[in-house]
Amino acid sequence: MTMGAGTLLHLSDTHFGTAQPKVIEALVRLVRMHAPGQAILSGDVTQRATGAQFAEARAFVDRLAIAHCMAIPGNHDIPLLDLPARLFQPYARYRAAFGDVLAPELQTPAWCLLSNNTTRWYRHKHGEISHAQIADTARRLAVSVQANPLQIRVVAVHQPIAVQQAGERKNMLRGAASAVKAWAAAGADIVLGGHIHLPFVVPLHRRAPWLPATPNGAAPRPMWAVQAGTAVSSRTRPGAPNSVNLLRADCTATRRRCAVERWDYLADADAFVLVHTDLLELAAPLSEHTSNSF
């Protein structure tokens, strides 16, 4: 089991303002046990984008004491009821807590971690990715492939780039099909998301229901969508308790893989418990295609 620099914590939709103290404490214990070297919080940090909620979220992130922690805003992180703030300073409170960069990037020997701000002040909840954002991310992915082909290349967005159920299609990221095609061709391995509070892993390179309609029906190289549930909020969905993902890099000169562990909070145990692991086979170094059999 890899730990430290080879382990990435993916958490999402903390919705501070609805966070549950017992779940927070359980998550802090999980992080201390596994000591991930980096983390991505993929949006909806708060419930109503108030200063107090952002301060609570910032204190929580600081408690995790993870060396490299990236965050991106979600639709709930833009003021909903304060119209002047939404129109003229939609990210002011977010920036006060998490800094001015709304799409941070991190490069480590094991990981190329990119992100995009997919929220828009004029949208209530639906997200979109622009052509400029897609192209810039593809450019940065291509640089990573050349500079460090062993890195696992991850792009974080808030709204899902793929879903499993027909009823969730309305929640997909606008522009997802173009992003899948461009990012896969540029070398992306994994796209992280949240928003719908449902954890799952789907292969974007295989034909499956409710994936973005790329011209050939799938991504041109192995690429995976990894979704996280709500980490600590009371806003869980039926059959999907609070959960987070731990991603563990396993790359050599001839093989690249990533284990995605789903950890659910179980009330009876008052702890996050490992409930499922997906082993993602990634494209071989400097290769456009690889076998996807497990």
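Q: Strands here are DSSP runs of E, at least two residues, numbered from the N terminus. With that settled, where is Pro 285 found?
A: In this predicted model, Pro 285 is in the segment after strand 12, which covers residues 271–281.

Q: Is Pro 285 buried or exposed?
A: Pro 285 is buried, with a relative accessible area of 19%. The cut-off for buried is under 20%, so a value of 19% falls on the buried side.

Q: What does Pro 285 touch, leaving aside neighbours within four places in sequence?
A: Pro 285 is in contact with Pro 149 and Leu 150, and with a run of residues made up of Thr 252, Ala 253, Thr 254, Arg 255 and Arg 256.

Q: And how far is Pro 285 from Ser 178?
A: Their C-alpha atoms are separated by 24 Å, with the two positions 107 residues apart along the chain.

Q: Let's zoom out. How many helices and strands are in the protein chain?
A: The chain has 6 helices and 12 strands. Its radius of gyration is 18 Å, close to the 19 Å that the globule rule gives for 294 residues, so the chain is as compact as a globular protein of that length.

Q: What does the C-alpha trace span along its principal axes?
A: About 50 × 40 × 35 Å.

Q: What share of the residues counts as buried?
A: Of the 294 residues, 57% count as buried. The accessible surface of the chain comes to about 11800 Å², and carbon and sulfur atoms hold 57% of that area.

Q: Which share of the contacts comes from residues 24 or more positions apart?
A: Such pairs account for 74% of the contacts with a separation of 6 or more.

Q: Charges next. How far apart are the mean positions of the positive and negative charges?
A: The mean positions are 5 Å apart, taken over 29 positive and 21 negative charges.

Q: What does UniProt place at residues 7–198?
A: An unreviewed UniProt entry gives the feature "domain: Calcineurin-like phosphoesterase" for that range. Over residues 7–198 the model is 36% helix and 17% strand, and the C-alpha atoms at the two ends are 22 Å apart.

Q: Thr 7 starts that range. Which element is Thr 7 found in?
A: Thr 7 is in strand 1. Thr 7 counts as buried, at 0% relative accessibility. The C-alpha atoms of Thr 7 and Ala 110 are separated by 8.8 Å, although the two residues are 103 apart along the chain.

Q: What comes after strand 1? I mean, where does Phe 16 lie?
A: Phe 16 lies in the loop between strand 1, residues 4–11, and helix 1, residues 21–34.

Q: Buried or exposed?
A: Phe 16 is buried, with a relative accessible area of 1%. Beyond residues up to four places away, Phe 16 touches Ile 24, Val 45, Thr 46, Gln 47, Gln 53, Glu 56, Ala 57, Phe 60 and Val 232.

Q: What about Phe 16 and Arg 48, C-alpha to C-alpha?
A: They are 8.3 Å apart in space and 32 residues apart in sequence.

Q: Switching to Asn 75. Where does Asn 75 lie?
A: In the loop between strand 3 (68–72) and helix 3 (83–88). Asn 75 is buried, with a relative accessible area of 8%.

Q: Which residues does Asn 75 touch?
A: Not counting residues up to four places away, the list has three histidines, His 124, His 158 and His 195, along with Asp 44, Thr 119, Lys 125 and Gln 159.

Q: Follow-up on His 195. What is its phi?
A: His 195 has a positive phi of about 80°, although His 195 is not a glycine. His 195 lies in the loop between strand 7 (190–193) and strand 8 (200–203), and at 11% relative accessibility it counts as buried.

Q: Ala 35 is another one I flagged. What is phi there?
A: Phi of Ala 35 is near 45°, again a positive value in a residue other than glycine. Ala 35 lies in the loop between helix 1 and strand 2 (36–42). Ala 35 is partly exposed, with a relative accessible area of 38%.

Q: Last one. Is Gly 239 buried or exposed?
A: Gly 239 is exposed, with a relative accessible area of 78%. Gly 239 is in the loop between strand 9 (224–227) and strand 10 (243–251).

Q: How far is Gly 239 from Ile 24?
A: The C-alpha atoms are separated by 20 Å, and the residues are 215 apart along the chain. Ile 24 is also one of the residues that Phe 16 touches.

Methods:
Residues are numbered from 1 along each chain as its sequence is written. This is a predicted model: local features need pLDDT of at least 70, side-chain atom pairs count only at pLDDT 80 or more; totals for chains, interfaces and linings use all residues. Side-chain values use heavy atoms; hydrogens and water are left out. Helices (H or I, at least four residues) and strands (E, at least two) are DSSP runs, numbered from the N terminus. The radius of gyration is taken over C-alpha atoms; the globule rule is 2.2 Å times the number of residues to the power 0.38. Buried means under 20% relative accessible area, exposed over 50%, partly exposed in between (1.4 Å probe, protein chains only). Contact means heavy atoms within 4.5 Å. Accessible areas come from the Shrake-Rupley method with a 1.4 Å probe; for residues, only the protein chains shown count as cover. Lys and Arg count as positive and Asp and Glu as negative; His and the chain ends are not counted. The place of a charge is taken as NZ of Lys, CZ of Arg, CG of Asp or CD of Glu. UniProt positions are given in the numbering used here, feature names are shortened, and annotations may be inferred rather than shown by experiment.
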